[in-house]
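Welcome, and thank you for taking a look at this structure. Please keep the sequence and the 3D view open side by side as you read.

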Amino acid sequence: MSDPNQKARIQFNKLQKRLRHYVGDAIADYNMIEAGDKVMVCLSGGKDSYTMLDVLVGLQKTAPIDFDIIAVNLDQKQPGFPEHVLPEYLQALGVPYHIIEKDTYSVVKRVIPEGKTTCGLCSRLRRGTLYGYAEANGITKIALGHHRDDILETFFLNIFYGGKLKAMPPKLLSDDKKNIIIRPLAYCREKDIERFSAFKNFPIIPCNLCGSQENLQRNAMKAMLKGWDKQFPGRLETIFTSLQNAAPSQLADRQLFDFVGLTRGIGDDVNETVQLCGSKTIDVNGLNVLTQF
Ligand code: SF4
């Protein structure tokens, strides 16, 4: 194919199809969006949230169910925040939107000592404000733009620094049980989102206008995962699949599996003993073999 424009168009169509496919699958697998939902798409102005909004608006047109979308941005009053960019973009797209203005920037600057990373408090304040808006405005789902690589980074951060086997779920009930958070990009690769965003030429607003230091630990996880992806293609897909295939009886968490109450099979005539969850013992030529399911 000699026409470079045509080649680029074909590549873009393939990429868009893949992203829509992944988002559609995640929505179906986790029942993220139901008929009548009012979905608040949290738009920061970064590549991930622009991509999420674009894909959801596309899916909304073809979905067999009706649901509403409202794009919401929190203007945190960071110095140099280009206030006109998102309203102009959203008006051109024809999507209902709302900009919340709240100076969380000053709070963060006041509370966090100079030189310390501010992202933790900033994110908490942002989350609280967005949840509050959702509650007050009949929002039934809050959509966040985290993708598969964010989920994997969080997974390894929790293992390496938190001593916890946990990641970022595709769907979550907030701690106060008042909001349901969904992550429609949960199956999407960051490199696809990067390419999609470049193709679409989204008017990106950088997150670090606040001048915050980068999160070094997260960056280290990102670099580790990128290295693996290059060296062992398919490894990240396998790790993500493992998050969907947990076997509590093969870990060591006594809250998840009743190791203490574990007993042998019930009777001599029972050749197949189903244990509490995740595993069963089967009879193979007179041998008891433990298998996973
Ligand atoms: S980089 Fe700045 S605006 Fe972005 S999360 Fe961190 S503190 Fe908040």
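## Two loops with an unusual backbone angle

Let us begin in the loop between helix H1 (4-29) and strand S1 (38-42), where Asn-31 has its place. Keep in mind as you explore that this is a predicted model. Asn-31 is not a glycine, yet its phi is positive, at about 50°. Most residues other than glycine have a negative phi. Is Asn-31 buried or exposed? Asn-31 counts as exposed, because 9 other C-beta atoms lie within 10 Å, and the limit for exposed is 12 or fewer.

A second residue of this kind is Lys-77, which is not a glycine either and has a positive phi of about 65°. Look for Lys-77 in the loop between strand S2 (68-75) and helix H3 (85-93). Lys-77 has 15 C-beta neighbours inside 10 Å, so it counts as partly exposed.

## Around the ligand

Now turn to the ligand. Which residues surround the ligand? They are Thr-118, Cys-119, Cys-122, Ser-123, Cys-207, Asn-208, Cys-210 and Ser-212. Sorted by character, the shell around the ligand holds 4 nonpolar residues, 4 polar residues and no charged ones.

Three members of this shell also appear in a record: an unreviewed UniProt entry gives the feature "binding site" at Cys-119, Cys-122 and Cys-210. These positions are spread over 92 residues of sequence but cluster in space, with a largest C-alpha distance of 10.1 Å. Cys-119 itself belongs to helix H5 (residues 119-136). With 18 other C-beta atoms within 10 Å, Cys-119 is partly exposed.

## The annotated motif and helix H2

The unreviewed UniProt entry also carries the annotation "short sequence motif: PP-loop motif", which covers residues 44-49. In the model, the C-alpha atoms at the two ends of residues 44-49 lie 6 Å apart. This span is 50% helix and 0% strand.

Helix H2 (residues 47-62) contains Leu-53. Is Leu-53 buried or exposed? Leu-53 counts as buried, because it has 24 C-beta neighbours inside 10 Å, and 20 or more is the mark for buried. Leu-53 and Leu-43 are 10 residues apart along the chain, and their C-alpha atoms are separated by 7.7 Å.

## Where H1 meets H7

Helix H1 can also be viewed together with helix H7 (residues 190-200). Their axes come within 10 Å and cross at roughly 130°. How do H1 and H7 lie to each other? H1 and H7 are oblique to each other, since an angle counts as roughly antiparallel when it is over 145 degrees and as roughly perpendicular from 65 to 115. The crossing of H1 and H7 is left-handed.

## Pairs brought together from along the chain

Some residues that are separated in sequence are worth viewing as pairs. Start with Pro-64, which sits in the loop between H2 and S2. Pro-64 has 5 C-beta neighbours inside 10 Å, so it counts as exposed. Its partner here is Ala-35: Pro-64 and Ala-35 are 29 residues apart in sequence, with 8.8 Å from C-alpha to C-alpha.

Next comes His-147, in the loop between strand S4 (141-143) and helix H6 (148-162). What surrounds His-147 is 25 C-beta neighbours inside 10 Å, so His-147 counts as buried. His-147 and Pro-184 are 37 residues apart in sequence, and their C-alpha atoms are 7.9 Å apart in space.

Finally, visit Ile-180 in strand S6 (residues 180-182). Ile-180 counts as partly exposed, because it has 17 C-beta neighbours inside 10 Å. From C-alpha to C-alpha, Ile-180 and Ala-143 are 8.7 Å apart, while in sequence they are separated by 37 residues.

Notes:
Residues numbered from 1 in each chain as written. Predicted model: local features only at pLDDT ≥ 70, side-chain atom pairs only at ≥ 80, totals over all residues. Near = placed C-beta within 6 Å. Nonpolar A, V, L, I, M, F, W, Y, C, P; charged D, E, K, R; others polar. UniProt positions renumbered as here; feature names shortened; annotations may be inferred. Helix = DSSP H or I, 4+ residues; strand = E, 2+ residues; numbered from the N terminus. Axes fitted to C-alpha atoms, helices over the stretch in contact; angles between N-to-C directions. Parallel < 35°, antiparallel > 145°, perpendicular 65-115°, else oblique. Left-handed = near helix turned anticlockwise from the far one by under 90°.
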